[in-house]
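Colleague: I'm new to this one, so I'd like to ask how you arrive at the words you use for it. Could you put the model up first?

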Number of protein chains: 2
Amino acid sequence: MASLLTRTYPWIKLPLIVSAPMLNAATPALAASVSQAGGIGFLAGGTKPAELDKLLTKTSALIFSKSRLRNGILPIGVGFQNWGCDLHAMSPVFRKHCVAAIWLFAPKQLADFRPWAEEIRSVSQGRTQVWIQVGTVSEALEVMKLARPNVIVVQGTDAGGHGLRQSASIISLLPETKDALEAAGYPHVPVLAAGGIVESRGVAAALTLGADGVVMGTRFLASKEAGIPKGWQNELIRVKDGGTTTKRSTLCDRLKETVGWPEHYDGRAITNKGHLDEEAGLSDAENVRLYKAELKLGDEAFGNHGRMVTYAGTGVGLIKEAKSAAEIVDETSFGTRLIARKSPSYAQV
Amino acid sequence: MASLLTRTYPWIKLPLIVSAPMLNAATPALAASVSQAGGIGFLAGGTKPAELDKLLTKTSALIFSKSRLRNGILPIGVGFQNWGCDLHAMSPVFRKHCVAAIWLFAPKQLADFRPWAEEIRSVSQGRTQVWIQVGTVSEALEVMKLARPNVIVVQGTDAGGHGLRQSASIISLLPETKDALEAAGYPHVPVLAAGGIVESRGVAAALTLGADGVVMGTRFLASKEAGIPKGWQNELIRVKDGGTTTKRSTLCDRLKETVGWPEHYDGRAITNKGHLDEEAGLSDAENVRLYKAELKLGDEAFGNHGRMVTYAGTGVGLIKEAKSAAEIVDETSFGTRLIARKSPSYAQV
């Protein structure tokens, strides 16, 4: 599997570290830096083709040595929240910018993955790989049948931002999914782990569970290249004990008046005043009004007593400072090698 | 840490595998078999001293080579759900049967751990070790200050049965807890991981995250020695995809009319008719009535359309058959050694 990955994405280093396609937060600088450090950086496709075109043009300009890449493939990926996206509007952008991978997630129904996968393969002449994110074993089996993704991303419930309302963490979800894919006749599809991984111990654990690489979101939110407010980033550094200081909820979508998420999704964020007020019985209308009133406060509207949306995974407590994306990739990779080579604690067994 | 564990519990093999103190399910035969296979088997202390006395007498009779153990220490442990237990009623039982460890969990308030720890150390003359189970980083730091446990068990949210309503999985919780304990001046306390671990990949991942050993509950529920109905065990083998087929809820306590759990606890169980009816708006009174009416059906009252309480963790989908406790310990341990010694996948990095 490792050789399959390095053949397909010839610039990567192992272990494969991927930055998640986080809407607005995943800037061209973040995606380009992650890929240039040997990972795979993702942009978020959003819903507006013209904006994605601009993001891709910008990212392309940041990638050095493009000429050394085969077939003019841009060594980054683009991720879509499929429920809100129009395939036929986006398709010309895929045609214009041939990216290494397009990551599909959260369709209205799983069958919607099929036309996306077909179109991506058709316009890219097979050069763009199709990645699909799932949160359960049964989703993994179903999407393999429907769309034959080149890569499966298995997201556990510890992940920050959007994901399934109900799922397991990768500790059990990853090995069960690997076994089920193998039993169903898909032993060779690379499986990446996401959710709760922010540093080398998490990466090494995910690989031990059978993952072929990892995705990190929250860790890259706390990168110098991330397109998020300073107030949010300060929270990522301040907050500890993510199991109790973050929670899964649909409140953030309601505050932002985002309508249309399929109902089995919600999002994990750092809890703040909006969550507390909701628990105390505040109506959505009033919560939204208070949220909007605070928008103008900027960075001050983050924190325990703030109301801003502050997505983060349970691993947030392991983040001590903002770093450049390249440092994050290098340090995580280095730490994983140390764990693998310096006889690990269980080598005593 | 490994040498500390083998010095303290001289019969164990590494990696340390512990069977959780599951009320009624953790029989004398289960506890004795786990310890004799090189793990540490736990009984559940319950609330009635006379019953615990009987369980311990029975377990003691099952342990071979008792005479080879130092200081007459019974090579098993006993676990308590502290909120429902009377220390002074239980203390004479600790005095009569000196067990290797007493595991404390879920007190009305964390400060209640202190008199328990003092009494256990006093009546056993320091021979019985104090283990404390936590579910957050802050609980781990607090209990170290309050009671200086000899071992910390860190339970992630994937665990079956009772645990914190809100917490992280061990993928982030374990490394953050290890770091926090070290930073607070407790670098040497052994930390065991629980929650979602049912086989060797989970054990190897937990050790990679920094755990000094693991606890398995659900896996031992599906052992030949477990004291649970066949209907429950069939469910453990049937059910897949534990992230969606199990969920955390207080329903099981309400069905059993168990009163007194501190409100920040609930339990993870396989969802069945009782959960579905509750979601559809059925009152507790009616749900309890239907539950009681089905009790007489025995094993048939388990399953999708049954109403029996069927605790299980998210790793349930990795369980394929019931095995003897010794097989479980041996096979998990063997598999972990294979992962550790056969260059693991990430050794390619």
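Modeller: Before anything else, a definition: contact means heavy atoms within 4.5 Å. Keep in mind too that this is a predicted model. With that in hand, look at helix 5 (residues 113–123) of chain B, which lies across strand 3 (74–81), strand 4 (99–105) and strand 5 (129–134) of chain B.

Colleague: What makes helix 5 of chain B roughly antiparallel or roughly parallel to strand 4 of chain B?

Modeller: Helix 5 of chain B runs at about 170° to strand 4 of chain B. Angles over 145 degrees count as roughly antiparallel, so that is the word for this pair. Helix 7 (residues 170–183) of chain B also packs on the sheet, where it touches strand 6 (151–155) and strand 8 (191–194) of chain B. Its direction makes about 165° with that of strand 8 of chain B.

Colleague: What sort of sheet is it in chain B?

Modeller: A closed barrel of 8 strands, in the order 1-2-3-4-5-6-8-9, with parallel pairing. On average, neighbouring strands are turned by 25° against each other, direction ignored.

Colleague: How do you know that strand 1 and strand 9 of chain B pair?

Modeller: Two strands pair if there are at least two bridges between them. Strand 1 (residues 16–19) and strand 9 (residues 213–216) of chain B have 4 bridges, in the parallel sense, so they qualify. One of the bridges links B:Leu16 to B:Gly213 in strand 9 of chain B.

Colleague: Now the helices. Why are helix 3 and helix 4 of chain B called roughly parallel?

Modeller: Helix 3 (residues 49–62) and helix 4 (residues 87–96) of chain B pack at an angle of about 15°, with axes 9 Å apart. The cut-off is under 35 degrees, therefore this pair counts as roughly parallel. The crossing of helix 3 past helix 4 of chain B is right-handed. On the helix 3 side of chain B, the contact is made by B:Pro49, B:Leu52, B:Asp53 and B:Leu56; on the helix 4 side, by B:Ala89, B:Met90, B:Val93 and B:Lys96. Sorted by class, that gives 6 nonpolar, no polar and 2 charged residues.

Colleague: And why is helix 2 of chain B called oblique to helix 3 of chain B?

Modeller: Helix 2 (residues 28–36) and helix 3 of chain B pack at about 40°, again with axes 9 Å apart. That angle is neither under 35 degrees nor in the 65 to 115 range, and it isn't over 145, so the pair is oblique. This crossing is right-handed. B:Pro28, B:Ala29, B:Ala31, B:Ala32 and B:Gln36 in helix 2 of chain B meet B:Leu55, B:Lys58, B:Thr59 and B:Leu62 in helix 3 of chain B. By class, this contact has 6 nonpolar, 2 polar and 1 charged residues.

Colleague: How do you know what kind of axis relates chain A and chain B?

Modeller: Chain B can be laid on chain A by a turn of 180° with a shift of 0.0 Å along the axis, and the RMSD is 0.0 Å. That is the relation of a two-fold axis. In chain B, B:Ala205 comes closest to the rotation axis, with its C-alpha at 2.1 Å.

Colleague: Why do you say the copies meet through the same surface?

Modeller: Because 98% of the interface residues of chain B are also interface residues in chain A.

Colleague: Last one: what makes the peptide bond from B:Leu14 to B:Pro15 cis?

Modeller: Its omega is about 0°. B:Pro15 is in the loop between helix 1 (2–8) and strand 1 of chain B.

Note on methods. Residues numbered from 1 in each chain as written. Chains lettered and ligands numbered in written order. Predicted model: local features only at pLDDT ≥ 70, side-chain atom pairs only at ≥ 80, totals over all residues. Heavy atoms only, no water. Helix = DSSP H or I, 4+ residues; strand = E, 2+ residues; numbered from the N terminus. Axes fitted to C-alpha atoms, helices over the stretch in contact; angles between N-to-C directions. Left-handed = near helix turned anticlockwise from the far one by under 90°. Nonpolar A, V, L, I, M, F, W, Y, C, P; charged D, E, K, R; others polar. Least-squares fit on C-alpha atoms with pLDDT ≥ 70 in both.
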